[in-house]
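Trainee: I have a model open on my screen and would like to learn how to read it. Could you take me through a few features, one at a time?

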Amino acid sequence: MSSKLHNLSTYDPNALPQKEVVAKQKYGIVVSDWNSSITYKLLDGAVDKLTELGAKEIEIIHVPGAFELTYGAKTLEEKGGFNAIIVIGCVIQGDTPHFDYVCGGVTQGITTLNATKGYCPVIFSVLTVNTMEQAEDRAGGKLGNKGVEGAVTAIRTANFDITKEEIKNKK
């Protein structure tokens with residue numbers, strides 16, 4: 001495994017649908033208020049990118065912590081009408097196993113929603129880091145903004161039905 005760090009927030013705009021397609025879609029975001037100095041930067045990145053790429057309808061709900069993200073996503077899914085939902089959170093390693101339980105629980109919860117519900121894709125934009133510095137690097141710092149990545153992933157996943165030929169014709 002390479003220890004070289006790189007910004008993953010770049011993407012190929014030609015792999016995305018036209019803005020007119022995205023403008024007709026609805027996106028949901030569930031954001032954790034825990035570690036809000038990080039999660040709100042991720043939220044801003046996601047909203048800005050969704051808007052830049054054409055989204056006009058974005059619903060945001062707040063939950064207390066990362067563990068509640070699954071419940072928030074399930075609530076939006078059951079409400080219906082969303083093309084994709086992004087969950088945003090930040091869990092920072094501490095001195096107890098709490099980190100492992102929260103990270104495992106959220107990961108399993110979102111995986112279960114994606115595997116069993118099927119109403120719409122739920123995109124995992126939860127930072128699981130060892131330090132606050134690592135979180136800051138991923139919330140608009142030298143490693144990009146994982147909220148931006150979540151927005152791009154949401155649009156791409158919501159539009160799997162766009163054919164390669166349509167994408168090819170955009171170039």
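Mentor: Gladly. Let's begin with charge pairs: a salt bridge is a side-chain nitrogen of Lys or Arg within 4 Å of a carboxyl oxygen of Asp or Glu. By this rule the protein has five salt bridges. Keep in mind that this is a predicted model, where local features need pLDDT of at least 70 and side-chain atom pairs count only at pLDDT 80 or more, while totals for chains, interfaces and linings use all residues. Residues are numbered from 1 along each chain as its sequence is written, and side-chain values use heavy atoms, with hydrogens and water left out.

Trainee: Before the pairs themselves, how many helices and strands are there in the protein?

Mentor: Helices (H or I, at least four residues) and strands (E, at least two) are DSSP runs, numbered from the N terminus. Here there are seven helices and six strands. Along the sequence they follow the pattern α-β-α-β-α-β-α-β-α-β-β-α-α.

Trainee: Thanks. Which residue forms a salt bridge with Glu57?

Mentor: Lys26 does, with the closest N and O atoms 3.8 Å apart. Glu57 is in strand β2 (residues 57-63) and Lys26 in strand β1 (residues 26-32), so to speak distant parts of the chain, 31 residues apart.

Trainee: Which residues are joined into one network by salt bridges that share partners?

Mentor: Follow Lys26 onward. Lys26 also forms a salt bridge with Glu59, at 3.7 Å between the closest N and O atoms. That pair again links strand β1 to strand β2, across 33 residues. Next, Glu59 forms a salt bridge with Lys79, where the closest N and O atoms are 2.7 Å apart. Lys79 lies in helix α3 (residues 69-79) and Glu59 in strand β2, so this pair ties together parts that are 20 residues apart in sequence. Shared partners thus join Lys26, Glu57, Glu59 and Lys79 into one network.

Trainee: Are the members of that network buried or exposed?

Mentor: The terms rest on relative accessible area: buried means under 20%, exposed over 50%, and partly exposed in between (1.4 Å probe, protein chains only). Lys26 counts as buried because its value is 15%. Glu57 is partly exposed at 43%, and Lys79 is exposed at 51%. For the protein as a whole, 44% of the 171 residues count as buried.

Trainee: Now a helix. What span does helix α6 reach from its first C-alpha to its last?

Mentor: The expected span of a helix is 1.5 Å times one less than its number of residues. Helix α6 (residues 146-158) has 13 residues and reaches 18 Å, close to the 18 Å expected. This helix is mostly covered, with 10 of its 13 residues buried. Among them are Gly147, Val148, Ala151 and Ile155.

Trainee: Which side chain makes a polar contact with the side chain of Lys146?

Mentor: A polar contact is a pair of N or O atoms within 3.5 Å; within protein, one must be able to donate a hydrogen and the other to accept it, and residues adjacent in sequence count only if both atoms are side-chain atoms. The side chain of Lys146 makes such a contact with that of Glu149, at 2.9 Å. Lys146 lies in helix α6 and is buried, at 14% relative accessible area. Asn145, in strand β6 (residues 144-145), is buried too, at 10%. A polar atom of the Asn145 side chain lies 3.1 Å from the backbone oxygen of Lys41.

Trainee: Last topic: pockets. Which residues lie nearest the centre of the largest pocket?

Mentor: Rolling a probe the size of a water molecule over the atoms shows where empty space is left. On a 1 Å grid over the protein atoms alone, a pocket is an open set of points where a 1.4 Å probe fits, with protein on both sides within 12 Å along at least five of seven lines; lining residues have an atom within 4 Å of a point. The largest pocket is lined by 15 residues, and Trp34, Asn35, Val91, Ile92 and His98 lie nearest its centre. β3 (84-92) and α4 (98-117) each supply at least two residues of that lining. As for Asn35, it sits in the loop between β1 and α2 (36-52), and its phi is near 60 degrees, a positive value in a residue other than glycine.
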